[in-house]
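Good morning, colleagues. Please bring the structure up on your screens, and I shall take you through a few of its features.

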Amino acid sequence: MPSSSPINAPHSMAPPTDDPRWRLVDTTMRHYGYAPNALIETLRIVQESFGYLDAIAMKYIARSLRMPLSKVYGVVTFYGLFRLKPPGEHTCTVCLGTACYIKGAKNLLDAVKLCTGLLLGQTSADNKISLLSCRCFGACGIAPAAILDGQVIGNLNSSEMEKHIRKWTVSK
Amino acid sequence: MNANNLNNSKAQTIRSNDDLLLCAEREKDRQAQYKQNLFVCMGTACQSCGSTEVLKALSSRIKDLGLEKDYLISPGGCQGNCSQAPLVSVHPQNVLYQNISPQNTNDIIGSLKGSPIKELSCDNQSSFFARQTRIVTEYRGLLNPERIEDYIAVGGFSSLLKVLTQMSPSQVIQEITCSGLRGRGGAGYPTGLKWSTVAKANDSQKYVICNADEGDPGAFMNRNVLEDYPYKILEGMTIAGYAVGANQGYVYVRAEYDVAVKRVENAIKNMQRLALLGNSIGNTSFNFNLEVRVGGGAFVCGEETALIASIEGGRALPSPRPPYPAESGLWGHPTLINNVETYGHIAPIIRNGSQWFANIGTQKSKGTKTFALSGCIKNTGLVEVALGTTLREMIFDIGGGVPEGRKFKAVQTGGPAGGCIPESQLDASIDYESLKSLGSFMGSGGMIVMDDSSCMVDVAKYFMQFCAAESCGKCIPCRVGTVHIYDLLNKITKGEASLEDLSQLESLCDVVQNTSLCGLGQGAPNPVLSTLHFFKDEYIAHIVDHICPAGACGPKGQDLRRPACVL
Ligand SMILES: Cc1cc2nc3c(=O)[nH]c(=O)nc-3n(C[C@H](O)[C@H](O)[C@H](O)COP(=O)(O)O)c2cc1C
Ligand code: FES
């Protein structure tokens with residue numbers, strides 16, 4: 001196993017705030033004995049709990065796991081999974097994998113652009129909609145597919161996509 | 001274990017083959033209490049088409065009618081023909097219903113006593129089903145992937161106990177070697193050889209890793225297999241642990257596969273509960289544990305050395321081999337790393353013998369392989385065929401061909417390191433050597449069919465854009481080369497390239513292929529090279545005539561350099 005730190009090392013750093021979600025983060029790091037290999041799992045837990053990773057979170061993790069902030073930042077920006085900004089209220093993730101590309105994923109992106117003006121990776125100014133992409137989430141059998149607010153929707157065409165997005169833009 | 005103990009299910013553990021048989025008998029008895037078993041497919045495609053609602057509707061209706069004692073409604077695994085989602089199967093009648101919605105609930109329940117409903121039935125004797133050979137996806141759709149007992153009832157874990165009690169580690173490796181099994185992660189490295197290298201390594205700490213990163217866009221076999229047969233994969237890994245002398249294993253799954261992550265975590269817990277993981281498995285001195293590691297979504301994570309760097313908590317940067325992970329892998333210890341499907345073959349080989357396995361497939365490529373059929377094809381979904389099946393059988397007999405009067409143009413295999421195979425080569429057999437000789441690659445099993453509306457230059461550009469974006473940046477040929485290749489392809493699709501650009505493209509591909517550090521860069525030029533080989537006329541049409549024959553890069557027949565009409 002990786003060298004883990006001595007049991008009594010001063011890990012008991014106070015979390016940035018008294019938000020109870022930090023307890024889960026601490027539990028994760030403790031589970032790994034504050035070893036460096038806890039990093040990705042800890043980042044994932046922070047993102048799951050808070051929705052994204054901000055500088056405060058990254059600094060806290062860097063100090064707790066006793067590694068340079070640059071390493072934490074390097075890992076965060078390496079993996080497509082991690083977000084540095086909070087996502088919009090609704091998210092639309094369009095698959096750009098091969099099967100979806102062949103079946104016209106580009107038209108879906110165009111449809112979203114048409115009704116929201118958003119480009120890939122952007123969030124609308126009112127923080128309502130984020131447009132993201134991913135590389136195949138294994139729904140190739142029903143391509144082209146997208147994930148709308150966590151729900152996989154397959155066999156989409158541009159007008160259906162527009163309908164889904166309009167539902168978000170008109171609702172209060 | 002005695003009969004009294006049996007009733008106390010909490011204390012029940014499986015320590016011997018007798019325990020296992022008892023557990024299987026009890027489960028079979030439980031299932032036999034029901035007149036019929038209904039399985040609602042819970043695969044990605046079916047769920048997205050509303051199978052959760054179907055499951056709920058069926059369960060609550062059965063409850064309302066007070067028929068819970070007669071009919072068992074369970075969530076089931078993927079049936080394979082995702083284009084007809086959602087699917088419901090009825091057993092033992094072996095009836096498959098397609099395109100089911102909650103509105104069909106009453107009809108289905110009403111028909112359980114009589115004959116099946118013709119209009120909703122899907123022909124499960126059609127060539128889509130009949131042409132498949134199932135090893136990894138055995139009992140397709142008939143196992144509740146959450147319950148370990150379902151797997152035990154069909155012979156699950158008998159291979160593990162056989163190995164632990166009757167075979168030495170070297171006998172296990174011998175059996176796998178004799179079977180001729182080759183790695184299903186792409187390159188087809190002989191599995192027995194890899195296992196024996198790790199077994200021979202002299203270190204008290206060794207690891208076993210299951211590569212379930214499946215970063216290949218357009219492939220979903222590993223996802224499906226992990227979701228539906230988690231116990232089979234974990235059994236294979238545990239046997240591998242025994243054979244190579246490891247006591248710890250990791251299943252590395254990408255984060256997008258949340259259902260697979262949950263299923264594997266649940267399976268690990270259930271195996272621990274029955275003492276099929278942990279200390280003294282099967283009352284022997286063998287200790288083994290498993291953990292899940294969730295990947296962060298980068299294509300390069302699938303490369304074995306990068307994957308190991310990721311488990312160690314850092315950026316997934318590949319490192320030069322040798323040393324191979326088998327000698328120095330996770331935290332510097334000897335590490336066995338195999339693909340999901342490779343592990344899926346282990347328990348069946350031990351159960352049925354290496355000779356049985358070696359009889360399936362071709363001379364050099366033994367056994368079966370799962371493929372994800374998608375793109376412009378009638379029957380999309382997951383299929384498992386004996387290696388040596390021809391591409392034509394796969395696409396036209398199993399896949400049902402290209403729909404709506406369009407024309408088949410090419411099939412892409414091997415993902416971003418693979419190639420596009422044209423109609424003229426469709427009689428080639430699907431095996432490692434034959435695909436390689438066609439300039440493609442077995443890859444993990446994505447098979448994407450394209451019709452005449454796809455432009456091959458644009459397809460090559462798509463893959464190059466993928467590789468450029470996914471290059472980890474560690475080595476220069478891959479980081480810089482892929483971008484330049486992309487720029488050249490982009491120029492071609494805009495009708496602005498010259499023939500010199502084309503020869504530069506060829507030489508650049510050669511450099512990137514031969515000087516990159518890992519398989520990502522080494523394989524990146526393949527889609528370009530293979531389309532250049534089989535579809536050079538399309539490149540020439542873009543360059544010399546400035547048109548895109550398929551009409552993908554611009555309106556058909558129109559000069560690509562002219563700006564599109566604004567009206
Ligand atoms: C860029 C790249 C991506 C890869 N992705 C995967 C993958 O997603 N799944 C996989 O099993 N192997 C993948 N591989 C192959 C692995 O490095 C490794 O060879 C394989 O996991 C070994 O397992 P096997 O012997 O069972 O095939 C990839 C290789 C490269 C170069
Ligand atoms: S290519 Fe889009 S889900 Fe696989």
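Together, chain B and chain A bury about 3300 Å² between them, and 60% of that area lies on carbon and sulfur atoms. I should say at once that this is a predicted model, and the values I quote are computed from it. The contact draws on 50 residues from chain B and 34 residues from chain A.

Let me turn to the polar side of this interface. Across it, 18 residue pairs are found in polar contact, with both residues at pLDDT 80 or more. The count of salt bridges between chain B and chain A is one. Which residues form this salt bridge? The partners are Glu470(B) and Arg135(A), and their closest N and O atoms are 3.9 Å apart.

Which elements of chain B give two or more residues to the side that touches chain A? There are helices, namely H3 (44–48), H14 (304–311) and H19 (456–470) of chain B. There are also strands, namely S6, S7, S9 (368–375) and S13 (446–451) of chain B. The largest share of this side, eight residues, is supplied by H19(B). By residue class, the side of chain B that touches chain A divides into 27 nonpolar, 14 polar and nine charged residues.

Two of the strands just named, S6(B) and S7(B), bring us to a sheet in chain B. This is an open sheet of four strands, in the order S7-S6-S5-S8, and the pairing is parallel. Strand S7 (289–295) and strand S8 (335–339) of chain B stand at the edges; each has a single partner strand, so one side of each is left without a neighbour in the sheet. From one strand to the next, the twist averages 20°.

Within this sheet, let us look at one pair of strands. Strand S6 of chain B, residues 248–254, pairs with S7(B) in the parallel sense over seven bridges. Which residue of S7(B) does Tyr252(B) stand opposite? Tyr252(B) stands opposite Arg293(B).

Finally, I come to the partner, chain A. Chain A has seven helices and four strands. Reading from the N terminus, its elements run α-α-α-α-β-α-α-β-β-β-α. Along the principal axes, the C-alpha atoms of chain A fill a box of roughly 60 × 35 × 25 Å.

To close, I would return you to the interface, where Glu470(B) and Arg135(A) form a salt bridge and H19(B) gives the largest share of the side of chain B that touches chain A. Thank you for your attention.

Terms used:
Residues are numbered from 1 along each chain as its sequence is written. Chains are lettered from A and ligands numbered from 1 in the order in which they are written. This is a predicted model: local features need pLDDT of at least 70, side-chain atom pairs count only at pLDDT 80 or more; totals for chains, interfaces and linings use all residues. Side-chain values use heavy atoms; hydrogens and water are left out. Two strands pair if DSSP finds at least two bridges between them. Axes are lines fitted to C-alpha atoms, for helices over the stretch in contact, and angles run from 0 to 180 degrees between N-to-C directions. Contact means heavy atoms within 4.5 Å. Buried area is the accessible area (1.4 Å probe) that two parts lose on being put together, summed over both. A salt bridge is a side-chain nitrogen of Lys or Arg within 4 Å of a carboxyl oxygen of Asp or Glu. A polar contact is a pair of N or O atoms within 3.5 Å; within protein, one must be able to donate a hydrogen and the other to accept it, and residues adjacent in sequence count only if both atoms are side-chain atoms. Ala, Val, Leu, Ile, Met, Phe, Trp, Tyr, Cys and Pro count as nonpolar, Asp, Glu, Lys and Arg as charged, and the others, Gly among them, as polar.
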